[in-house]
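Me: Please take a close look at a single part of this structure and describe how that part is connected to its surroundings. A formal, connected account would be appreciated.

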Amino acid sequence: MTTLRAFTCDDLFRFNNIKGGFFVDLFVRVSNQVAVNMYKQLGYSVYRTVIEYYSASNGEPDEDAYDMRKALSRDTEKKSIIPLPHPVRPEDIE
């Protein structure tokens with residue numbers, strides 16, 4: 001019998017290492033400190049802040065996000081995770 005399981009961050013990390021990527025990144029609401037701390041424990045670091053990345057509803061202001069990255073084995077010097085000194089806007093993301 002075959003079982004299914006959730007695709008995890010570790011799976012993504014392994015897949016990108018096989019494919020030769022330099023880093024894995026994800027976006028987290030700045031206000032979600034539980035998630036930020038969890039990803040830091042998994043080896044991610046804050047690469048940059050993205051201004052007004054998340055659209056708000058009900059008249060609330062838009063919310064910033066952290067672009068968090070984890071370097072892969074191909075990035076031996078960890079250059080892909082050197083934090084940017086200034087925030088960016090969503091349209092500036094490659």
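Reply: A polar contact is a pair of N or O atoms within 3.5 Å; within protein, one atom must be able to donate a hydrogen and the other to accept it, and residues adjacent in sequence count only if both atoms are side-chain atoms. The model is predicted, so local features need pLDDT of at least 70 and side-chain atom pairs count only at pLDDT 80 or more, whereas totals for chains, interfaces and linings use all residues. Residues are numbered from 1 along each chain as its sequence is written, and side-chain values use heavy atoms, with hydrogens and water left out.

The part chosen here is strand β3, which covers residues 63-71. The protein chain has two helices and three strands (DSSP runs numbered from the N terminus: helices are H or I of at least four residues, strands E of at least two). Their order along the sequence is α-β-α-β-β. Eight of the nine residues of β3 are buried (under 20% relative accessible area with a 1.4 Å probe, protein chains only; exposed is over 50%, partly exposed in between), so the strand is largely enclosed by the rest of the structure. For the protein chain of 94 residues, the buried share is 29%.

Strand β3 pairs with two other strands (a pair requires at least two DSSP bridges). Strand β1, residues 23-29, runs antiparallel to β3 and is joined to it by seven bridges; within this pairing, Y66 of β3 stands opposite V28. Strand β2, residues 45-54, is also antiparallel to β3, with six bridges between them, and there A65 of β3 is the bridge partner of V50.

At residue 63 of β3, the side chain of E63 makes a polar contact of 3.0 Å with the side chain of R29. Beyond its neighbours within four places in sequence, E63 is in contact (heavy atoms within 4.5 Å) with R29, V30, S31, E52, Y53 and Y54. Two of these residues, Y53 and Y54, belong to an aromatic cluster together with F27.

The structure holds three aromatic pairs (ring centres of Phe, Tyr or Trp, the latter by its six-membered ring, within 6.5 Å; planes under 30 degrees apart are stacked, over 60 edge-to-face, the rest tilted). One of them is Y53 with Y54, edge-to-face at 5.0 Å centre to centre and 90 degrees between the planes. Y53 counts as partly exposed, at 32% relative accessibility.

Further along β3, D67 meets R48 of strand β2: their side chains form a polar contact of 2.8 Å. R48 is buried, with a relative accessible area of 10%. Setting aside residues up to four places away in sequence, R48 touches A65, Y66, D67, R69, L84, V88 and I93. R48 and R69 are 21 residues apart along the chain, and their C-alpha atoms are separated by 9.1 Å.

R69 also addresses two rings. The charged end of R69 sits over the ring of F23, 3.7 Å from its centre (CZ of Arg or NZ of Lys within 6 Å of the ring centre and within 35 degrees of the ring normal). The charged end of R69 likewise sits over the ring of Y47, at 3.6 Å from that centre.

For the chain as a whole, among contacts between residues at least 6 apart in sequence, 63% join residues at least 24 apart.
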